Amino acid sequence: MTTTRHSAPHPDVHRRPGPAEGPAARPPTAAETAAAAELAEVLARMRALAAALPAEDGVAVFNGVYLAVTEAVAGRIGDGTFQDPAAAGELDRCFARRYFAAVDAATAGLRPPACWRPLFQLRRHPGVHPLQFALAGINAHIGHDLALAVLDTCRALECEPAALETDFERVGGVLTSLEERIRERLMPGPDVLDVADPLTHLVGSWSLDKARDGAWVAARALWSVRRLPDVTEELIERLDAGVGLVGRMLLTPLPG
């Protein structure tokens, strides 16, 4: 953040303290430093993908959205937003790994999870709008990957999902705050679209908040049956298929 100085004989007199100044300033904790390092690795991979993919590629569109969200989360690691910065960093890292695994599978000619297949199959379709690509990627990542990332984090930290709930909600708050900006940036003009417009109807049928709530319920359900591998596997398969179906609908090619 740039500090504004007012003209005066002594410029420091009226200067507002910067983020590293003032009585509340403190060095980052070890947990915050570790979380920041983990997120830096995630951001580096996303930026590498952004540099390698054509801008019009549907995966590139989602990657740009995800990069903006992760940058926002990383910027809040040390500002007191998160109750447990280390847990928040681990959750974000486990979450990103799921996306990277889908990208790597598709790149290698393998089948990514069902929730991701529509995006990879239609990533270059001329009848799909960039906003549809963004929402389909968010749907796959929130609806399926987030629930599994909660389980991954609980196993890594040897904790129950309840220990992550506060920071899960705070990460969700970052996502919600960015959703409107994403829609505004990717939605075509004019500023107010006809409610009968197919794109307006399609994107209005999906809710990030509901997807996030569903992910938390799925995570708790999967954690409760984690010692029943057959049940766990079936639940994950059905979650994957259901989220994939929603993604395919979000990517319905539209006229014009």
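Student: Which residues is Thr 232 in contact with, leaving aside its neighbours within four places in sequence?

Tutor: In this predicted model, Thr 232 is in contact with Leu 222, Val 225 and Arg 226. Thr 232 itself lies in helix H9, residues 229–250.

Student: Why is Thr 232 called buried?

Tutor: Its relative accessible area is 11%. Buried means under 20%, so Thr 232 is buried.

Student: What makes Val 243 count as buried?

Tutor: The relative accessibility of Val 243 is 8%. The cut-off is under 20%, therefore Val 243 counts as buried. Val 243 also lies in helix H9.

Student: Which residues is Val 243 in contact with, again leaving aside neighbours within four places in sequence?

Tutor: Val 243 is in contact with Cys 115, Asn 139, Ala 140, Gly 143 and His 144. Cys 115 is 128 residues apart from Val 243 along the chain, and their C-alpha atoms are separated by 5.2 Å.

Student: Now the helix pair. Why is H1 called roughly parallel to H3?

Tutor: H1 (residues 30–52) and H3 (residues 85–107) pack at an angle of about 20 degrees, with axes 8 Å apart. Angles under 35 degrees count as roughly parallel, so H1 is roughly parallel to H3. The contact includes Ala 31, Leu 39 and Leu 49 of H1, and Ala 86, Phe 100 and Val 103 of H3.

Student: How many residues of each class does the contact of H1 with H3 have?

Tutor: The contact has 12 nonpolar, 1 polar and 7 charged residues.

Student: In which hand does H1 pass H3?

Tutor: H1 passes H3 in a left-handed crossing.

Definitions and conventions:
Residues are numbered from 1 along each chain as its sequence is written. This is a predicted model: local features need pLDDT of at least 70, side-chain atom pairs count only at pLDDT 80 or more; totals for chains, interfaces and linings use all residues. Side-chain values use heavy atoms; hydrogens and water are left out. Axes are lines fitted to C-alpha atoms, for helices over the stretch in contact, and angles run from 0 to 180 degrees between N-to-C directions. Helices (H or I, at least four residues) and strands (E, at least two) are DSSP runs, numbered from the N terminus. Angles under 35 degrees count as roughly parallel, over 145 as roughly antiparallel, 65 to 115 as roughly perpendicular and the rest as oblique. A crossing is left-handed if the near helix is turned anticlockwise from the far one by less than a right angle, and right-handed if clockwise. Contact means heavy atoms within 4.5 Å. Ala, Val, Leu, Ile, Met, Phe, Trp, Tyr, Cys and Pro count as nonpolar, Asp, Glu, Lys and Arg as charged, and the others, Gly among them, as polar. Buried means under 20% relative accessible area, exposed over 50%, partly exposed in between (1.4 Å probe, protein chains only).
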